[in-house]
Amino acid sequence: MSKFNFIIETEKLTRCFGAVVAVNQVDLRVPLGSVYGFLGPNGAGKTTTIRMLLGLISPHYGKIHLFGRPFTRQNWQIFAQVGALVEAPSLYPNLTGRENLEVSRRLFNAPRKNIDEVLESVNLTRDANRLVKGYSQGMRQRLGIALALLNKPVLLILDEPTNGLDPAGIQEMREMIRGLPSQQGVTVFLSSHLLGEVEQVASHIGIIHQGKMIFQGSLKELQAQRNPILHLGCDQPDHAEQLLLDAGWRVRRNGKPGLLVEVNGNSDASLINKQLMTQNIKVFQLNIDQPDLEDIFLQFTQTEN
Ligand SMILES: Nc1ncnc2c1ncn2[C@@H]1O[C@H](COP(=O)(O)OP(=O)(O)OP(=O)(O)O)[C@@H](O)[C@H]1O
Ligand SMILES: [Mg+2]
């Protein structure tokens with residue numbers, strides 16, 4: 001049907017601010033029909049990347065293809081097919097949710113029926129006739145997404161849509177985003193600094209760290225590649241760290257007395273326990289957890305070196 005596999009494709013996308021390379025040779029590959037989670041800690045370069053994708057700032061180097069077409073000043077019309085929510089949405093507090101949508105609908109000259117459709121998609125049908133000043137943060141955010149969907153975009157770009165929401169708001173946002181590709185036929189590109197969050201909605205993930213992409217692939221690929229972390233408490237952490245490093249384990253400290261060791265599973269935990277016991281190190285804590293984002297950064301950045 002379509003002539004392209006990737007709805008967003010960048011090549012060595014780069015942007016500096018003074019001496020800071022905010023985005024450093026990033027090659028994004030966002031499959032058509034995916035929910036793509038763009039993951040990275042504060043200052044990683046997520047918003048800068050998004051602003052370049054939306055034509056709000058220019059790259060210093062590299063190329064962007066949207067819908068399989070190179071993105072130039074001349075073909076800015078492609079943005080008619082892109083909906084975005086980059087900062088908190090600007091809403092009229094003294095109008096209802098529906099009236100806010102109606103203002104934009106007239107501006108875009110979009111069909112009337114789109115309003116009910118987008119309200120349904122963001123789960124605001126019931127609250128559509130309430131004044132926005134009485135909306136919760138999560139409802140405002142969802143109304144912002146409804147506004148972005150009003151023109152039936154093919155691509156929806158959201159910068160940290162769950163920022164500032166409470167757990168219930170996050171949950172609602174998550175369910176809504178998951179349904180968008182099938183309901184609205186839209187590909188979703190969203191940024192977040194929370195791994196657990198993105199894992200629950202995304203089919204594909206890109207991880208950016210200090211401006212560089214350190215992982216990109218399907219959620220399954222990410223889950224297959226990352227290792228569990230053993231949290232280890234013992235009476236001689238410095239000695240234990242050195243022993244384990246010498247034995248070839250990947251160990252790190254997190255400022256606390258315990259050690260974090262990358263392992264493959266339970267058998268590694270008992271092996272480590274045995275190695276330390278033979279050196280008269282007393283182990284009092286051994287538990288294996290799924291890695292958090294920080295662990296994954298370490299894993300991928302260490303692998304690179
Ligand atoms: N307008 C600007 N002027 C100067 N430096 C900037 C500007 N915008 C971004 N930066 C710098 O570029 C880097 C990337 O910032 P960016 O806002 O893209 O990160 P982010 O991943 O969106 O972070 P956050 O999670 O905090 O939103 C940071 O070091 C930031 O300080
Ligand atoms: Mg940001």
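Two exercises with worked solutions follow, on a predicted model of one chain with a ligand.

Residues are numbered from 1 along each chain as its sequence is written, while chains are lettered from A and ligands numbered from 1 in the order in which they are written. Because the model is predicted, local features need pLDDT of at least 70 and side-chain atom pairs count only at pLDDT 80 or more, whereas totals for chains, interfaces and linings use all residues.

**Exercise 1.** Work out where Leu13 sits and whether Leu13 is buried or exposed.

Solution. Begin with the secondary structure, in which helices (H or I, at least four residues) and strands (E, at least two) are DSSP runs numbered from the N terminus; Leu13 belongs to strand E1, residues 6-17. Next apply the rule that a residue is buried with 20 or more other C-beta atoms within 10 Å of its own, exposed with 12 or fewer, and partly exposed in between, the C-beta atoms being placed from the backbone. Leu13 is buried because 25 C-beta neighbours lie inside 10 Å. In the chain of 305 residues, 37% are buried.

**Exercise 2.** Identify the residues around ligand 1 and the elements that each supply at least two of them.

Solution. Take residues as near when their C-beta atom, placed from the backbone, lies within 6 Å of the molecule; the shell then includes Phe17, Val20, Ala22, Lys46, Thr47, Thr48 and His193. Then assign elements: strand E2 (20-26) and helix H1 (46-53) each give at least two residues, and H1 has the largest share, with three.
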